[in-house]
Amino acid sequence: MIRTKAYWVLVLILSIISLNVLAQEVKIELGPSEIALNETFTIKVTISDDKIKSYDQFPEILGFQKQGIQQSSSMNIINGQMSSTNSIIQYYKPSRKGEFQLDRFTLKINGNDYSSPGKTITVVDARASQRQSNVLDPFDELFGRGSREEPEFIEIDDEAFFAASVDKSEVFVGEGVNVSLAFYMSEENQAPFQFYEPGRQLDNILKKLKPSNAWEENFNITSIQPERVSINGKNWIKYKVYEASFFPFSDGEITIPSISWEMIKYRVAKNPTFFGANRLEDYKTFYSAAKSIKVKPLPPHPLKNEISVGEFQLRENFKEKNAETGEGITYNFGISGVGNVNSISKPRTRQIQKLNTYDPNVRQQVNRGMSRVTGIKEFSYYLTINEPGEVKLSDHFEWIYFNPRLAKYDTLRPQAVLNITGESKVNQAISNQRLGGIYDLIEVESNKLSNQRYKSYFSIFINILLAASVILIAVLIVKKSNG
């Protein structure tokens, strides 16, 4: 009995699925095989009793240019049964006369693949304008008006532009300059826009935008958000699509080329209808103006090729600390501020006999926001002191950098002071060190005296060699004087 019920439930589910698939009939209709140079070819996708929720890009046709997409819907009620159709039409404009081939293609509609065999399209000379297709308004049939002319779409003037912005016109080598790309639209703009494949466009932009002589800190914009800004007293909506800070490696110039940005701009129906297509998808390309940033060399300094550039401060983990001789102490030398945190090198150290330091552990955090790069790089040192007394860490650590705002070099030195008590551990520290060389051989070599006979042979050989050298020099001098 349970198996029988399960069987009928399965049959019912399969029947519902089958009805749903049958109800969602999808057709791909191709335009005529012959069109004039002043006409358009179309690919039309129609789906019955369902909405078109998603679809692939329509195929490219050699010799044709895409002109936009039109969407339409209709509803019929016959004998109390309601049916509906939704369609999208891709328009293609021929660029020249000739015979062109539309190859077999597949479109993914609402997640399912549908194929078309393609066709051969012949483009002939331009001819008198005629209607190519009718867009039906259901109310035309209801009120007995029959077919009507194709709707006329018009382009609305827009108040929008695309621009590259930089926060500085000149910088020093190593100093950051913020660069952003954004689409601006006036609050009073009436033209309908939509972003067109921003990820793909950005991939192409980055290939020619990023300079080869600079480090890039990309702000990684993941979603395009509107931002209200005022320019010359007028309100605009800003959509930032890219932002980064560039840190130049060498003097000269950083050039931001003119960047193209494509948007979907809809043309709207001149006489809109309730059920008809009231807008037509089209495209418009905007271009930003090129920018250049002058990069100045740093002033003369012995370390100018090694130091960081920015506005930095020193962060320490203590100001004063009491400790015993030989006791291990952890000291954090943290450098925070505005600049290229990745380029910060460890502080310079000066050796003090009673202070021992080891290579530091390094931790860094980089923040990108508010049109600048900030962060902290922390060097954690392990210290031991072998002599009692006061130890000022400023005598041991220092970090030199260039401040571009003040246009001068500066040095960060610790304020921390160690108060060390206890007995001197200098001798103990020396004994704990591996002396190496001859000291390593003391325990393994024999303590017996070596044979003195070999020592006398060696002395005789050396004396003979010296005597021969003196005789040779004397002979050379005599020959020279006789000559």
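Of the contacts in the protein chain with a separation of 6 or more, 71% are between residues 24 or more positions apart; contact here means heavy atoms within 4.5 Å. This is a predicted model, so local features need pLDDT of at least 70, side-chain atom pairs count only at pLDDT 80 or more, and totals for chains, interfaces and linings use all residues. Residues are numbered from 1 along each chain as its sequence is written, and side-chain values use heavy atoms, with hydrogens and water left out.

**The chain overall**

- The secondary structure of the protein chain comes to 6 helices and 32 strands. Both are DSSP runs numbered from the N terminus: helices are H or I with at least four residues, strands are E with at least two.
- Buried residues make up 37% of the 483 residues in the protein chain. Buried means under 20% relative accessible area, exposed means over 50%, and partly exposed is in between (1.4 Å probe, protein chains only).
- The protein chain exposes about 30100 Å², and carbon and sulfur atoms supply 51% of that area. Accessible areas come from the Shrake-Rupley method with a 1.4 Å probe, and for residues only the protein chains shown count as cover.

**Two open sheets**

- Strands of a sheet pair through backbone hydrogen bonds, either parallel or antiparallel. Two strands count as paired here if DSSP finds at least two bridges between them.
- One open sheet has 3 strands in the order β2-β9-β6, with mixed pairing. β2 (34–36) and β6 (98–102) stand at its edges with a single partner strand each, so one side of each has no neighbour in the sheet.
- Neighbouring strands of this β2-β9-β6 sheet are turned by 30 degrees against each other on average, direction ignored. For angles, axes are lines fitted to C-alpha atoms (for helices, over the stretch in contact), and values run from 0 to 180 degrees between N-to-C directions.
- β6 and β9 (residues 119–124) run antiparallel and are joined by 5 bridges. Gly98 has Val123 in β9 as its bridge partner.
- Another open sheet, also with mixed pairing, has 3 strands in the order β12-β21-β18. Its edge strands are β12 (170–172) and β18 (252–256), each of which pairs on one side only. The twist from one strand to the next averages 25 degrees.
- β18 pairs with β21 (residues 291–296) in the antiparallel sense, over 5 bridges. Across that pairing, Glu253 stands opposite Lys294 in β21.

**Salt bridges**

- Side chains of opposite charge can pair when their charged atoms come close. The rule used is a side-chain nitrogen of Lys or Arg within 4 Å of a carboxyl oxygen of Asp or Glu, and by this rule the count is 20 salt bridges.
- Glu159 and Lys234 form one of them, with their closest N and O atoms 2.5 Å apart. The pair links distant parts of the chain, 75 residues apart: Glu159 is in the loop between β10 (153–154) and β11 (160–166), and Lys234 is in strand β17 (residues 234–248). Glu159 is partly exposed at 29% relative accessible area, and Lys234 is partly exposed at 27%.
- Asp359 and Lys346 meet in a salt bridge at 3.9 Å, N to O. Asp359 is in the loop between β26 (355–357) and β27 (361–369), while Lys346, 13 residues apart from Asp359, is in the loop between β24 (328–339) and β25 (348–349). Asp359 is exposed at 68%, whereas Lys346 is partly exposed at 45%.
- Arg363 pairs with Glu378, the closest N and O atoms being 3.5 Å apart. Arg363 lies in β27 and Glu378 in β28 (residues 372–385), so the salt bridge ties together parts that are 15 residues apart in sequence. Arg363 is partly exposed, at 42%.
- Asp158, Lys265 and Lys284 are linked in a salt-bridge network.

**A buried leucine and a surface patch**

- Leu107, in strand β7 (residues 105–109), counts as buried because its relative accessibility is 1%.
- Leaving out residues up to four places away in sequence, Leu107 touches several residues, including Ile28, Val45, Phe58, Pro59 and Tyr114. Leu107 and Phe58 are 49 residues apart in sequence and 7.2 Å apart in space, C-alpha to C-alpha.
- Phe458, Phe461, Ile462, Leu465 and Leu466 form a nonpolar surface patch with about 530 Å² of accessible area together. Patches are made of residues with over 30% relative accessible area and no salt bridge; like charges are joined within 9 Å, and nonpolar side chains (Val, Leu, Ile, Met, Phe, Trp, Tyr) within 5 Å.
- Leu466 of this patch is in helix α6 (residues 452–482) and counts as exposed because its relative accessibility is 52%.
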